[in-house]
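Q: Please take a close look at a single part of this structure, one helix, and explain how its two sides relate to their surroundings. Please then place that part in its wider context.

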Amino acid sequence: MTTFHTYDTLIVGAGGAGLRAAIEASDRVRTAVISKLYPTRSHTGTAQGGMCAALANVEEDSPEWHAFDTVKGGDYLVDQPAAKLMCEEAVHAVYELEHWGLPFNRTPEGKIDQRRFGGHTRNHGEAPVKRACFAADRTGHMILQTLYQQCVKRNVRFFNEFYVLDQLMVDGACAGVVAYELATGELHVFRAKSVVYATGGYGRMFKVSSNAHTLTGDGPAVLFRRGIPLEDMEFFQFHPTGVYKMGILLSEAVRGEGGVLLNSEDERFMERYAPTVKDLAPRDMVSRAIFQEIREGRGAGPNRDAVWLDVRHLPRDVIEEKLPDVTEFARVYLGVEPTRELVPIQPTAHYAMGGIPTNVDGQVVLGQDETPVPGLYAAGECACVSVHGANRLGTNSLLDIVVFGKRGGKHAAAFAADAELPELPERPEGSVRDTVNGLLNRPEGANAADIRNELQDSMQDLAFVVRTEESLRKMQEILVGLGERFERVYVQDSGAVFNTELMEVMELGFLLDCADALVAAALARDESRGGHYREDHPLRDDANWLQHSLAYRQDDGSIRLEHKPVKLGPYVPMERKY
Amino acid sequence: MDTTERGLGEVLEGSDQRAAGATHRVTLTLKIRRFNPELRGQESWWDEFEIQADPDDRLLDALHQVKWYHDGTLALRRSCAHGICGSDAMMIDGKNRLACKVIVRDVVPKVTVEPIRGLPVLKDLIVDMEPFFAGYRSVLPYLINDSGEPDAERLQSPEDRHRFDDTTKCILCAACTTSCPIFWGDQEYVGPAAIVNAHRFIYDSRDEGAEERMKILADKTGVFRCRTTFNCTDACPRGIEVTKAIQDVKRSILFERF
């Protein structure tokens, strides 16, 4: 059975970007949010450290300095006009969240308090600056809650635990989506004038990841399968401080508040890699430094494959008031008491800089000339504006989702207000129906968990902090094999009610698509920039590679790459030193 | 060496082992209450699975092992796997816990897992959350302030900010509400989580909706149903003093004019 719905604007995903888009769109046009999770389960809630905006509440600051840091932090792959816009709109975005009730920490004067964060500096790199607005170490939780509260207030229509599996296109324009209702197994066709994708990242393709199990690149993969390119997929952020082996994030705010990294010789090794900002260097640099320390035999822990995060010297009230959750993670998951013990950490797959190509209005754009796809929008981690370039600065993700969620929602609604309701293609749910039935009726086959484990293990070994042509070619071969096995994947649960096994198999398929794009783009980019480090090409190559990559899935299953220039601005690429 | 020192020594040794990625595995038996209307109608039953697990694994990892290698039909909700998203509240050995915050070494050799109580079970460990969220929505869980917005932020002293800090931590996992014997008996009661979320705004110096919320919570479905059994406080994975928050609201309704 198929149920049909009609809306002006659909939002797919209910994290920060989706909810912010929903607030904007629902005030203007008939809007619905479709989310595979209950909105408050979204991964925005796990963001810890803060959201940067040059409020200058604590120290002198300016949006222009913030923009410079964003561009430099992104290793000059950032589209500079987009970064300028984001950093300028940041100030109002923070005030707006405060007006909606977000409980920011306060200065003694009652203003929003601010703290230091990696790569955020005073006057173009002179020294770290206090720019991150925060609510203890649960800033993302408070943003997600606050935005959801505003949706409750506005009576926004939610379809919770509905999983979008296909994008409907007619004559190159958006016509709606097809979703699978988890509670019943029914398919729903949502006809709509505009759709905003806000589905988050795909860190679950790596073994050690800070990402939720559900972060599987659904939005990017759905569009990739419909011919939309994915931009800059080779740029994935490996956050330096994940809980050893588990990957749970220990916020950069720990170092912002004065925590330091130590190697096995108790040396504060970041002083050698980034003499000015030390432990507050951008994440790509810190993760590579950790990798280097481990490789040179100064890794900590009995296996010498970790380094220590040290907060023993921090005042007790800073730990309890500003870092309570992080402290608890160490206690619960490592059995370590951070006030008197060292915390073992290692880099963890954290954030996708790449994704669905958009302009600053959230419109999905095609090709080198950036032709907008009518009615199609994306925002947040699943999108690539690009404001993060080759490496995102800490806190800029929360800023991105609020600023571009708003812009995407606003423009998607404006588009819908003027557009005719599109015709649906024939048998719109046909492709999804065939896939679901094929899976449910297959009597035996490959185990999905085995495929997923092999994907995660091999991506961890071959496409993580350090990559080479050889490792990426090997990964590409492995992906071919995994793709073939996935064609024969078996779902034991043939039921319709909460078939979460079927859902996990769909998620795995999307992860494989994103991994294909990531590895193809990483193999082609024979330079090192930001989060993409090629040991066989260790230098940045601006002459050839000051450009974004676009990966297209071809009809025969292969991937075609093309490139488009970075939008430059006032900041001339120079060597990145901190 | 006194016992305290010895205790500390053991902790350190334990953490060293964990940091070493100790690979010794333990046998864990999971006894899981099952429910699947498509297979067995309205009857629920128990299944037992024996698995090998790393003692440092989360119980959620053990449940995944069951689902991925033993019985794909096992249904549960989960997402972030570190106690923030609030998806995987379950009754674990009789107490409401998040499966991702229970560590295998603390429950070996055997653990009993059931769905949280008081909400309709839909399949295995998945319950219908709609009544829970309806309770949440009923207390007007959003800032109410019609006094106009300043150009910059509203000012709030650190003390005023601290007043409602505890209740901002709520992740809406329903562990508190579904541990409450009053809620089990009467789902008209809004339950602890809804009151926690009302508390978060009632004591926010920027909010002007306290009177309206107190009116709602003074009703027969509100705070006075609470019999202070403290189950909710014990169940909260975020360490919120839930019962205290409920008492705060009761006291304000009785003694303060809003």
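The answer below begins with the helix and then turns to a sheet and to the contact between the chains.

A: The model is a predicted one, and the part chosen here is helix 12 of chain A, which covers residues 430–441. The length of this helix can be checked against its geometry. At 1.5 Å a residue, its 12 residues should span 16 Å, and the C-alpha atoms at its ends are 16 Å apart, so the expected and computed spans agree.

The two sides of the helix may be taken in turn. A:V432, A:V436 and A:L439 are buried in helix 12 of chain A. These residues lie on the same side of the helix, because they cover an arc of only 65 degrees around its axis. An α-helix has 3.6 residues a turn, so residues three or four places apart point the same way. On the other side of helix 12 of chain A, the exposed residues are A:D434, A:N437, A:G438 and A:N441.

The buried residues of helix 12 are covered by elements of chain A that include strand 7 (162–170), strand 8 (173–181) and strand 9 (187–197). Helix 15 of chain A is also among the elements that cover them. Helix 15, residues 500–524, has a further place in the model, as it supplies at least two residues of the side of chain A that touches chain B.

In that contact between chains, 54 residues of chain A meet 47 residues of chain B. Helix 3 (80–99), helix 4 (139–153) and helix 10 (324–334) of chain A likewise each supply at least two residues to the side that touches chain B. Helix 4 gives the most, with 6 residues. By character, the residues on this side of chain A comprise 25 nonpolar, 19 polar and 10 charged.

Elsewhere in chain A, 3 strands form an open, antiparallel sheet in the order 3-5-4. Strand 3 (51–52) and strand 4 (114–122) are its edge strands, each pairing on one side only. Strand 3 is joined to strand 5 (residues 127–133) by 2 bridges, and A:M51 stands opposite A:C133 of strand 5.

Strand 5 also holds A:P128. This residue counts as buried because 23 other C-beta atoms lie within 10 Å, where 20 or more are required. Beyond its neighbours within four places in sequence, A:P128 is in contact with A:R116, A:H120, A:T121, A:V277 and A:L280. The C-alpha atoms of A:P128 and A:R115 are separated by 9.5 Å, with the two residues 13 residues apart along the chain.

Methods
Residues numbered from 1 in each chain as written. Chains lettered and ligands numbered in written order. Predicted model: local features only at pLDDT ≥ 70, side-chain atom pairs only at ≥ 80, totals over all residues. Contact = placed C-beta atoms within 7 Å. Helix = DSSP H or I, 4+ residues; strand = E, 2+ residues; numbered from the N terminus. Nonpolar A, V, L, I, M, F, W, Y, C, P; charged D, E, K, R; others polar. Pairing = 2+ DSSP bridges. Expected span 1.5 Å × (residues − 1). Buried ≥ 20, exposed ≤ 12 C-beta atoms within 10 Å, placed from the backbone. Arc of directions from axis to C-beta.
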